[in-house]
Every structure is written in C-alpha cells, then in structure tokens.
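Biologist: Please take one buried position of this assembly, examine its surroundings closely, and then follow the neighbouring elements outward to the contact between the chains. I should like the reasoning set out as one connected account.

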Amino acid sequence: MSKSKQVSEKDLLPLTPAVFHILLALAAEEKHGYAIMKEVEVNSKGQFRMGPGTLYGSIKRMLELSLIEETDERPDPEMDDQRRRYYKQTPFGAKVLKAELQRFNDLMQVAKSKGALGSI
Amino acid sequence: MKLDVKPHPSVAFYKTLVYLYPKAYRQEYGSHMVQVFADLLHDASRNGARSVMQVWAIALLDLVKTVIEEYARGGIRMTKSSFTLLSSFLLMLGGLFWLPVSYGQFEQYWEDPFGGPDILFEIGQKFMGPAMLLVALGLLGFVLHYGSRLSSLIKANLIISNSIIGTMAVLGIAGDLMLLPKTWEWAWYFFIVGMIIHLTGIIILGICALRCQLLTRFNVAFLLIGLPFPIYMFVGLIVQLMHITPSSALNDGFSAASLAAMGLGWILIGYAFFKDQIMIKKLQPSL
C-alpha cells in the first residue's frame with residue numbers, strides 16, 4: 001500500500017523548502033535531476049540552491065511518500081542521456097503542493113489584514 | 001550535459017567522496033549525484049574558476065549535511081573496518097575544507113563578488129571549525145588502524161594532539177553558531193596555542209612515520225601539515241620583535257600557503273590511509 005493512502009496531504013505540511021521547490025519544478029512536466037535543480041534556481045530567482053545530496057535525499061523521501069514517481073518517458077530521446085532518471089509529480093504530490101500553496105495564500109491574507117505587506 | 005562532453009577533472013574527487021554515503025543509498029543514487037555534480041561543474045567552468053569553487057563549496061557543505069542525515073535515518077551500524085575506512089575520507093574532506101580557509105586569506109586583494117567588505121575571509125573562516133572536526137574524527141580512525149604499530153608515547157602524543165584540535169573544533173563551531181560571546185578576545189590566542197600543540201604532535205608523528213614507513217606512501221605529508229604554520233608564527237614573532245612591519249600581501253600570502261599546505265597534507269594522508277586499507281582488503285579477501 002502506498003504511503004499516500006495512509007498519509008493525508010495536511011500531515012506533510014509545512015513542506016521543507018527542498019521538497020516544495022522540487023514539487024513546484026515538476027508541476028508542469030517530468031524532469032531529470034539536473035533539470036530540476038536548474039528549474040528550482042530559476043523559480044527561486046537564485047535564492048535557493050541545492051547540492052546533489054539534498055536533491056537526491058529529497059527525491060528518495062518523496063518517492064517513499066509517493067509525492068513523485070519515476071517515469072520512462074523521455075521528452076526527446078535523441079537529445080538526452082538514457083541513463084538519466086526522470087521524475088514526475090503524482091496526483092497525491094499535486095494535492096500536497098496545492099495544499100501548501102493554499103497555506104501560503106492563507107498566510108498572505110492574514111499578513112494583508114494586519115497591514116504587514118506594506119506597499120507590496 | 002551530453003555524455004560525450006569531457007567531465008571536469010575534479011568530478012573524480014567528488015565521485016570518491018560519494019563513498020561516504022551509506023551503501024544502499026550510494027548504490028541507488030550515487031551515480032546520479034555524480035552526474036548532476038558534473039553538469040553543475042560543466043556549466044560553472046564556463047564562468048571561470050570562482051564559479052567552480054562556489055559549486056564545490058556548496059557541494060561540500062551539502063555533502064557533510066546529507067551524509068549525516070542519511071546515516072541518522074538509516075541507523076548507524078558501524079564496524080571497526082567501516083569506521084577506519086570512513087576516517088580516511090574524513091581526513092581527505094577535512095583537508096579539502098582547509099583550502100577555502102586558505103583562499104579567504106587573500107580577500108583584500110581581490111574584487112569581492114558578494115559585495116561585503118571581507119566576505120570571502122568570513123566564508124573561509126566558516127570552514128575552519130568543520131575542517132578541524134573532520135580531521136579530529138579522521139584521526140580517531142587513524143589511531144585505531146595504526147595504533148598497534150605506534151609506541152605508547154606516540155599514541156599518547158597523538159591523543160593529546162587530537163583532543164586539542166577536537167576541542168578547538170567544537171569551540172570554533174560553537175562560535176560560528178553564535179553560541180559563544182562575540183567579543184571573545186582570547187579566542188585568537190587559544191587558537192594559536194592550540195594549533196602549535198596540535199601541530200607539534202603531528203610533526204612528532206611525521207618523524208615516526210618516516211622512520212617506520214607507517215603509511216605505504218606520503219609519510220612526508222605529516223611534515224607538510226605540521227611545519228609551515230609554526231614556521232609562519234615563528235617568523236612573525238621574530239619580525240615583530242625586530243619592529244619590522246611586513247607588507248600585508250607577504251603576510252597573508254605566507255598565512256595562506258601554510259594553511260593550503262595543511263589542507264593538501266591531510267588530503268594526501270587521507271588518500272594514503274584509504275589505499276592502505278584497500279590493499280589490506282585485497283590481501284585478505286576472505287575477511
């Protein structure tokens with residue numbers, strides 16, 4: 001039985017920055033490790049950088065939690081190294097990401113009501 | 001990165017460091033981590049040596065953190081031989097950590113890419129505590145492995161030397177984590193005295209290693225570690241007593257060279273220690 005059936009998305013919140021960024025990087029399409037890293041760097045405007053250990057340590061735990069899965073699909077097999085592993089978000093992973101974004105949004109609403117956002 | 005692109009030469013060293021991870025994790029993800037690191041270096045090398053060093057700095061800190069995490073998650077089951085094998089990597093890693101400390105000494109002469117007044121120096125200093133801790137842990141395994149070939153006096157000398165650097169490492173890391181008062185005036189004097197005692201121990205070990213050929217190679221590296229820093233301090237003291245003010249470039253250059261020699265020396269010792277253990281394993285395949 002997969003862990004996604006035992007654990008609800010709320011149980012996993014708040015996500016660690018690495019898990020959040022990896023889920024976000026895989027929101028649109030499947031990617032291999034280095035492409036995930038580059039996407040995370042772009043999405044965070046260079047403010048969040050992972051080393052290979054954090055990347056694959058997070059991937060390992062995300063696979064165990066069924067947040068992501070390996071995929072055999074290749075965007076363009078001729079352009080890529082066949083030994084690379086590609087990962088994609090699972091439906092459970094998408095739900096967890098959505099729940100985390102909802103949590104951020106709720107916090108933004110609280111901050112807005114307190115005037116903490118200033119001129120943002 | 002495509003497969004036909006030649007990897008950066010330092011990727012091989014990272015590949016060796018990946019052996020620090022638990023075996024199951026390494027077998028599952030090790031090659032992919034090396035591939036990602038090679039890709040990172042490939043991109044960084046287009047932007048020059050500084051970008052390459054930045055990638056290495058991030059990867060090293062990441063490696064130490066995640067190795068501990070993976071062992072903590074899997075539960076640590078360690079035999080004497082796996083601990084001594086790990087120790088050889090810790091010495092190499094400790095040596096590698098001394099290199100940014102050395103690099104930081106040149107801060108004031110180079111343009112600062114991060115914008116702070118002495119940020120490279122500050123970053124370099126952050127590596128010092130972990131470098132000393134890694135060396136102290138690595139030396140524990142070293143004593144365990146070679147202890148039977150060392151006299152009680154040399155062993156005692158090494159244990160004192162190791163206790164000193166271990167204490168300095170813990171205090172250094174505590175200082176970096178702001179666990180100690182910031183204006184700790186005598187910390188610098190404690191560091192100098194501690195280093196002199198520690199390195200004296202390493203010099204004594206080096207003489208013994210050269211005489212009895214303790215390691216199968218690089219025995220002279222102990223002197224490479226032990227001698228330059230005390231010489232630097234001694235020359236500095238003489239210069240001060242003679243009321244001569246050396247140029248900052250000369251002073252910092254000497255300081256950087258002594259720290260780089262220390263780093264290089266530990267890398268060589270760690271490598272020789274590793275090779276000795278591999279050789280023994282090959283000679284005793286049934287063990």
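Modeller: In this predicted model, Ser102(B) touches Ala256(B), Leu259(B) and Ala260(B), when residues up to four places away in sequence are left aside. Ser102(B) itself belongs to helix H4 of chain B, which runs over residues 80-104. Its relative accessible area is 8%, and Ser102(B) is therefore classed as buried, the cut-off being under 20%. One of the three neighbours also offers a polar partner: a polar atom of the Ser102(B) side chain lies 2.9 Å from the backbone oxygen of Ala256(B).

The helix that holds Ser102(B) also has a part in the surroundings of H3(B). The buried residues of H3(B) are covered by elements that include H1 (11-17), H2 and H4 of chain B, together with helix H4 (52-64) of chain A. The cover of H3(B) thus includes elements of both chains. H3(B) has 26 residues and spans 37 Å from its first C-alpha to its last, close to the 38 Å expected at 1.5 Å a residue. Its buried residues include Val52(B), Val55(B), Trp56(B), Ala59(B), Leu60(B) and Leu63(B), and, further along, Thr66(B), Val67(B) and Glu70(B). For reading such a list, it helps to recall that an α-helix has 3.6 residues a turn, so residues three or four places apart point the same way. Ser51(B) and Asp62(B) are also among the buried residues.

Glu70(B) leads to the other chain. This buried residue of H3(B) forms a salt bridge with Arg61(A) through their side chains, at 3.2 Å from N to O. Across the interface of chain B and chain A there are 5 salt bridges, and 10 residue pairs are in polar contact. On the side of chain B that touches chain A, the elements giving two or more residues are H2 (23-45) and H3 (49-74). H2(B) supplies the largest share of that side, 11 residues. Sorted by class, the same side of chain B has 11 nonpolar, 4 polar and 9 charged residues.

As for the whole interface, 24 residues of chain B are in contact with 23 residues of chain A. The two chains bury about 2000 Å² between them, of which 54% is on carbon and sulfur atoms. Within chain B, the most area is lost to chain A by Tyr29(B), His32(B) and Val36(B), which together account for 28% of what that side buries.

Definitions and conventions
Residues numbered from 1 in each chain as written. Chains lettered and ligands numbered in written order. Predicted model: local features only at pLDDT ≥ 70, side-chain atom pairs only at ≥ 80, totals over all residues. Heavy atoms only, no water. Contact = heavy atoms within 4.5 Å. Buried area = accessible area lost by both parts, 1.4 Å probe. Salt bridge = Lys/Arg side-chain N within 4 Å of Asp/Glu carboxyl O. Polar contact = N/O pair within 3.5 Å; in protein donor to acceptor, adjacent residues only side chain to side chain. Helix = DSSP H or I, 4+ residues; strand = E, 2+ residues; numbered from the N terminus. Nonpolar A, V, L, I, M, F, W, Y, C, P; charged D, E, K, R; others polar. Buried < 20%, exposed > 50% of the residue type's maximum accessible area, 1.4 Å probe, protein only. Expected span 1.5 Å × (residues − 1).
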